[in-house]
Amino acid sequence: MSFSGEVKEELAAHIDSSRHCQIAELAAIFCYNGKVVRDNGGKLQLSIQAENEQVIRKSFTLLVKSFKIGTDMAEKAACFLRIRDERQVNKLLQALKLPQTWPEAEEGRSVVNPLLIKNACCRRAFLRGVYLTSGSMSDPEKSYHLEFVCAAKPQARQLQEIIRDFGIEARIIVRKNHFIVYMKEGAGIVDLLNVMGAHVSLMNLENLRIVKEMRNSINRRVNCETANITKTVNAASKQIEDILLIQKTQGLGSLPEKLREIAGARLDYPDATLGELGQYLDPPVGKSGVNHRLRKLNELAEELRGK
Ligand SMILES: [Zn+2]
C-alpha cells in the first residue's frame, strides 16, 4: 500500500468518541463527496460517492454511531452509500446544517458550516474527513508533497484557513478547474499528520526523514572532502609547475635557503597538504609559513614568465 493509502487507513480507523467531532467529520465527507438527490417518487435521498472504500466505511460507522442509521435505511457498496429514509435524511441535513437543495444552492456551496467546527477537536475531525475524501501525499522516500483537491474556491479557502489555525502553512493553486490546497515542506506535513491524529504514519515519516537527512549529510561530507582533495591537488600541480620553471631557467640553487628547501619538499611530496609539507622542513614550519614561501616562488615564476 502507498504511504498515502496507509495514512487513509489509519484515519479511517480513528473514530472520535464525541458526537460533535463525529458530526464535523461527517460534514466534511458530505461536503466533499456527497449530495442530495430525489428518487423517482420525489423523496429526498442523500448519497456519497467516493474513490476509496475507506470513505464509505468510515461514513457508515459515523452514521451508525451518531444517527443510529442502520443497513435498513441505507444502501452500501464499496464506493457508494445512499440513505433512503427521508426522515433520516432531513434529520441529518439539519444536524450538518445543509439545505435540502444542497449542493445546488450557490451560496456557501460545499463549505462546512463554521458552527460545526468551532472547537479545535472538531477542526481536527474535519481535516480527517477532508483527507479521507480528497487528500493524498507523495511517497516520502522521493519527495514531500501533500495535497487536497477542492471543487470550489471557498472550499479551498476554508480548508487553508483551518490548516493555518494549527500554525501550518498551506498554499492554493488552480489545476484543471480544481483548487488544490498543498504543502511541500516535511515539517508542515509532519505537523498536519499529528493534527489529524495519524500518529503511526507520523512516526514512519519521521524515521524516513532521519534516514534521508543522514544520507544527505554523509553525501555532503563526501562531496566536501572530494572538493578539498581536488583543491589541494590543483594547487600542488600549479606549485610544481612554478618550481620546475625556476629550476629550468635560473636553477633552484639560486634561491634563498628557505625557498630552496620548500621547493625541494614540494617536488618530493607532490600530494602533501600545506600542513604536511611544513612538517617535512627542518625546523618544521606552520601552514601559513609554507603558504608564504610558496607564494614567493609563485611571484618569482610569474616574473620569469613575464620575461
Ligand atoms: Zn469536537
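The domain assignment splits this protein into domain 1 (3–197) and domain 2 (220–306). What you're looking at is a predicted model. The centres of the two domains, taken over C-alpha atoms, sit 70 Å apart. Here's a quick tour, from the whole chain down to single residues.

**Overall shape**

- Along its principal axes, the protein's C-alpha atoms fill a box of roughly 110 × 35 × 30 Å.
- The radius of gyration comes out at 35 Å, whereas a compact globule of 307 residues would have one near 19 Å.
- In secondary structure terms, you get eleven helices and eight strands.
- Burial covers 33% of the 307 residues.
- Take the contacts with a separation of 6 or more: 60% of them are between residues 24 or more positions apart.

**The nonpolar cores**

- As a rule of thumb, nonpolar side chains in soluble globular proteins tend to be buried together.
- The largest nonpolar core here has 60 residues, and the members touching the most other members are Ala-24, Ala-27, Ala-28, Phe-126 and Leu-192.
- Helix H2 (residues 19–33) gives this core its largest share, ten residues.
- There's another core lying apart from that one, made of eleven residues, including Ile-246, Leu-277, Leu-294 and Leu-297.
- Back to Leu-192: leaving out residues up to four places away in sequence, Leu-192 touches Leu-146, Ile-163, Ile-168 and Met-183.

**Helix H5**

- H5 takes in residues 120–134, so to speak a run of 15 residues, and spans 21 Å from first C-alpha to last, close to the 21 Å expected at 1.5 Å a residue.
- This helix is mostly covered, with 13 of the 15 residues buried.
- For background, an α-helix has 3.6 residues a turn, so residues three or four places apart point the same way.

**Strand S8 and its partners**

- S8 (residues 178–183) has two faces: Phe-179, Val-181 and Met-183 are on the covered one, while His-178, Ile-180 and Tyr-182 are on the uncovered one.
- That fits the usual picture, in which side chains of a regular strand alternate between the two faces of the sheet.
- Strand S6 (residues 146–150) runs antiparallel to S8, and five bridges join the two.
- If you want a landmark in that pairing, Glu-147 has Tyr-182 in S8 as its bridge partner.
- Strand S7 (residues 171–175) also pairs with S8 in the antiparallel sense, over five bridges.
- Here the landmark is Ile-173, whose bridge partner in S8 is Ile-180.
- Met-183 turns up twice: on the covered face of S8 and among the residues that Leu-192 touches.

**The S7–S8 turn**

- S7 and S8 make a hairpin with two residues between the strands.
- Most residues other than glycine have a negative phi.
- Lys-176, in the loop between S7 and S8, has a positive phi of about 45 degrees although it isn't a glycine.
- Asn-177 is in the loop between S7 and S8 as well, and its phi is also positive, near 65 degrees, again in a residue other than glycine.
- Lys-176 counts as exposed because it has 6 C-beta neighbours inside 10 Å, and exposed means 12 or fewer.
- Asn-177 is exposed too, with 7 other C-beta atoms within 10 Å.

**The S3–S4 hairpin**

- Strand S3 (residues 74–77) and strand S4 (residues 80–83) run antiparallel and are joined by four bridges.
- The two strands form a hairpin, with two residues between them.
- Across that hairpin, Lys-76 stands opposite Leu-81 in S4.

**A cis peptide bond in domain 2**

- Most peptide bonds are trans.
- The bond joining Asp-282 and Pro-283 is cis, with omega about 0 degrees.
- You'll find Pro-283 in the loop between helix H10 (274–279) and helix H11 (287–306).

**The N-terminal end**

- Met-1 is in the segment before helix H1 (3–13).
- With 8 other C-beta atoms within 10 Å, Met-1 is exposed.
- Setting aside neighbours within four places in sequence, Met-1 still makes contact with Glu-6 and Glu-9.

Terms used. Residues are numbered from 1 along each chain as its sequence is written. This is a predicted model: local features need pLDDT of at least 70, side-chain atom pairs count only at pLDDT 80 or more; totals for chains, interfaces and linings use all residues. Domain bounds come from an automatic or database domain assignment. The expected span of a helix is 1.5 Å times one less than its number of residues. A residue is buried if 20 or more other C-beta atoms lie within 10 Å of its own, exposed if 12 or fewer, and partly exposed in between; C-beta atoms are placed from the backbone. Two strands pair if DSSP finds at least two bridges between them. A nonpolar core is a set of buried Ala, Val, Leu, Ile, Met, Phe, Trp, Tyr and Cys residues joined through C-beta atoms within 7 Å. Two residues are in contact if their C-beta atoms, placed from the backbone, lie within 7 Å. The radius of gyration is taken over C-alpha atoms; the globule rule is 2.2 Å times the number of residues to the power 0.38.
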